[in-house]
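Good morning, and thank you for coming. I should like to take you through one protein structure, beginning with the overall arrangement and ending with a few individual residues.

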Amino acid sequence: MSDCCTPDGSCHTQTETKTVYKVDGVGSAHCQGIVAKAVGGLDEVKAVEVEIGTGLVTVTTAAEPGEELDKLIADTVDEAGYDFAGRAAV
């Protein structure tokens, strides 16, 4: 078991941030799997959950996502063939 301290003696804690996005067109387990695989494959994403029907995609990242990650997720969803509708109001 290792501790959280780096060789220079500084310590850090790993935090996770969950952000919910809306993706249109997720109406089946097949669609759910495609979106989950596409978004989950991004280096910045630690975990992803996709709800069938609602299209709510909960993305877990190590840090608070900004406009750059939002755009990357939007582009990834579009490339997978689905319509990215932005952050969801939850």
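I shall describe the fold, then the sheet and its helices, and then three places in the chain.

Please keep in mind throughout that this is a predicted model. The protein contains two helices and four strands. Following the sequence from its start, one reads the pattern β-α-β-β-α-β. Of the 90 residues in the protein, 30% are buried. The accessible surface amounts to about 5700 Å², and carbon and sulfur atoms contribute 52% of that surface. As for contacts with a separation of 6 or more, 61% of them are between residues 24 or more positions apart.

Let me turn to the sheet. In what order do the strands of the open sheet lie? The order is 2-3-1-4, and the pairing is antiparallel. At the edges are strand 2, residues 45-50, and strand 4, residues 83-87, each of which pairs on one side only. From one strand to the next, the twist averages 30 degrees.

One pairing may serve as an illustration. Strand 2 and strand 3, the latter formed by residues 56-61, run antiparallel and are joined by five bridges. Within this pairing, Val 50 has Val 57 of strand 3 as its bridge partner.

Both helices can now be placed. Helix 1 packs on the sheet and touches strand 1, strand 2 and strand 3. The direction of helix 1 makes about 165 degrees with that of strand 2. Helix 2, residues 67-79, also packs on the sheet, where it touches strand 1, strand 3 and strand 4. Here the direction of the helix makes about 160 degrees with that of strand 4.

I come next to the aromatic residues. How many aromatic pairs are there? The count comes to one. In general, a pair of aromatic rings is described by the distance of the centres and the angle of the planes. For Tyr 21 and Phe 84, the centres are 5.6 Å apart and the planes are at 45 degrees, an arrangement classed as tilted. This pair links distant parts of the chain, since Tyr 21 belongs to strand 1 and Phe 84 to strand 4, 63 residues apart. Are the two residues buried or partly exposed? Tyr 21 has a relative accessible area of 1% and is therefore buried, whereas Phe 84, at 23%, is partly exposed.

Tyr 21 leads us to a second place, Asp 70. This residue lies in helix 2. The side chains of Asp 70 and Tyr 21 are joined by a polar contact of 2.5 Å. Apart from neighbours within four places in sequence, Asp 70 is in contact with Tyr 21, Pro 65, Phe 84 and Arg 87. Both members of the aromatic pair are thus among the contacts of Asp 70. Asp 70 counts as buried because its relative accessible area is 18%, and the limit for that term is under 20%.

The third place is Gly 27, in the loop between strand 1, residues 17-24, and helix 1, residues 29-40. Is Gly 27 buried or exposed? With a relative accessible area of 59%, Gly 27 is exposed, as the term applies over 50%. Gly 27 nevertheless has contacts beyond its neighbours within four places in sequence, namely with Ile 52 and Gly 53. Gly 27 and Gly 55, 28 residues apart in sequence, have their C-alpha atoms 7.7 Å apart in space.

That concludes my presentation, and I thank you for your attention.

Conventions:
Residues numbered from 1 in each chain as written. Predicted model: local features only at pLDDT ≥ 70, side-chain atom pairs only at ≥ 80, totals over all residues. Heavy atoms only, no water. Buried < 20%, exposed > 50% of the residue type's maximum accessible area, 1.4 Å probe, protein only. Contact = heavy atoms within 4.5 Å. Pairing = 2+ DSSP bridges. Axes fitted to C-alpha atoms, helices over the stretch in contact; angles between N-to-C directions. Polar contact = N/O pair within 3.5 Å; in protein donor to acceptor, adjacent residues only side chain to side chain. Areas by Shrake-Rupley, 256 points an atom, 1.4 Å probe, with all protein chains shown as cover. Phe/Tyr/Trp six-rings, centres within 6.5 Å; stacked < 30°, edge-to-face > 60°.
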